[in-house]
Amino acid sequence: MLNYTLARWNELEAEAAAREILPCCGARAWAQGLAARRPFAEAQELFAASDSVWSGLPEEAWREAFDSHPRIGQSHARAATAESLTWSAEEQKAAISPGGSQEGGAKLALAAANRQYEERFGRIFIVCASGRSAAEILAILEGRMQNDAAAEMLEAAEQQRQITQLRLRRWLGVD
């Protein structure tokens, strides 16, 4: 049976379809590319098409998607829809929820490490944060600081791909 949201989305004009799905990723070229591939008969087709469109985008489009995310623990981004910011807050819940003094120390260290990352790579740190604590995210960030610029761009793009997949599932209401 065709997912109701997907069926409705398949029927929208291309511009409206791209606008509706944009919060799942944040890159306009991705949203337009995905809308152009409609209709999709099932969610799995959409998920596969999303990955295909994403992997074919230039770095500039990846950066646009990265800019749609707030820093871990913050609630604003350079260019984000209200829905995207709401989803980011839900995804970061474990990292920003109150914890003990050890977790509080990790949050402070994470804020400092975020600044170092931005100085080194010229963009915010992107990680699929769902269910991860501040300490876990800090360890990932510290490990990724060892990457060169090219490797880190690819890792950030992979993290964005994972975030997009989670958001597509949330948008469709599927697990």
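1. Start with a bit of vocabulary: a helix here is a DSSP run of H or I covering at least four residues, and helices are numbered from the N terminus. With that in hand, Ser 50 can be placed in helix 4. Keep in mind that this is a predicted model.

2. Now look around Ser 50. Is Ser 50 buried or exposed? Its relative accessible area is 1%, and since buried means under 20%, Ser 50 counts as buried. Leaving out residues up to four places away in sequence, Ser 50 touches Trp 30, Leu 34, Thr 164, Gln 165 and Leu 168.

3. Two of those names come back in the largest nonpolar core. This core has 35 residues, and the ones that touch the most other members are Trp 9, Ile 21, Trp 30, Leu 34, Leu 46 and Trp 54. Helices 1, 2, 3, 4, 5 and 10 each give two or more residues to the core. Which helix gives the largest share? That's helix 10, with 7 residues.

4. Ile 21 is a handy spot to zoom in on. Skipping its neighbours within four places in sequence, Ile 21 is in contact with Trp 9, Trp 30, Ala 31, Leu 34, Leu 46, Leu 168 and Trp 171. Apart from this core there's another one, made of 14 residues, including Phe 125 and Leu 138.

5. On to the rings: the model has 5 aromatic pairs. One of them is Trp 9 with Trp 171, an edge-to-face pair at 5.6 Å centre to centre, with 85° between the planes. Check where the partners come from: Trp 9 is in helix 1 and Trp 171 is in helix 10, 162 residues apart, so the pair links distant parts of the chain. Both rings belong to buried residues, with relative accessibility of 0% for Trp 9 and 10% for Trp 171.

6. Compare that with Tyr 117 and Phe 121, a tilted pair at 4.7 Å centre to centre and 45° between the planes. These two are 4 residues apart in helix 8, so about one helical turn separates them. Tyr 117 is buried at 0% relative accessibility, and Phe 121 is buried too, at 9%.

7. Back to Trp 9, because there's extra company to spot. Ring pairs join Trp 9, Phe 40 and Trp 171 into a cluster. Arg 38 lies over the face of Trp 9, 5.3 Å from the ring centre. You can find another arginine over a ring at Phe 47, where the charged end of Arg 169 sits 3.9 Å from the ring's centre.

How values were computed:
Residues numbered from 1 in each chain as written. Predicted model: local features only at pLDDT ≥ 70, side-chain atom pairs only at ≥ 80, totals over all residues. Heavy atoms only, no water. Core = buried A, V, L, I, M, F, W, Y, C linked by side-chain atoms within 4.5 Å. Buried < 20%, exposed > 50% of the residue type's maximum accessible area, 1.4 Å probe, protein only. Contact = heavy atoms within 4.5 Å. Phe/Tyr/Trp six-rings, centres within 6.5 Å; stacked < 30°, edge-to-face > 60°. Lys NZ or Arg CZ within 6 Å of the ring centre and 35° of its normal.
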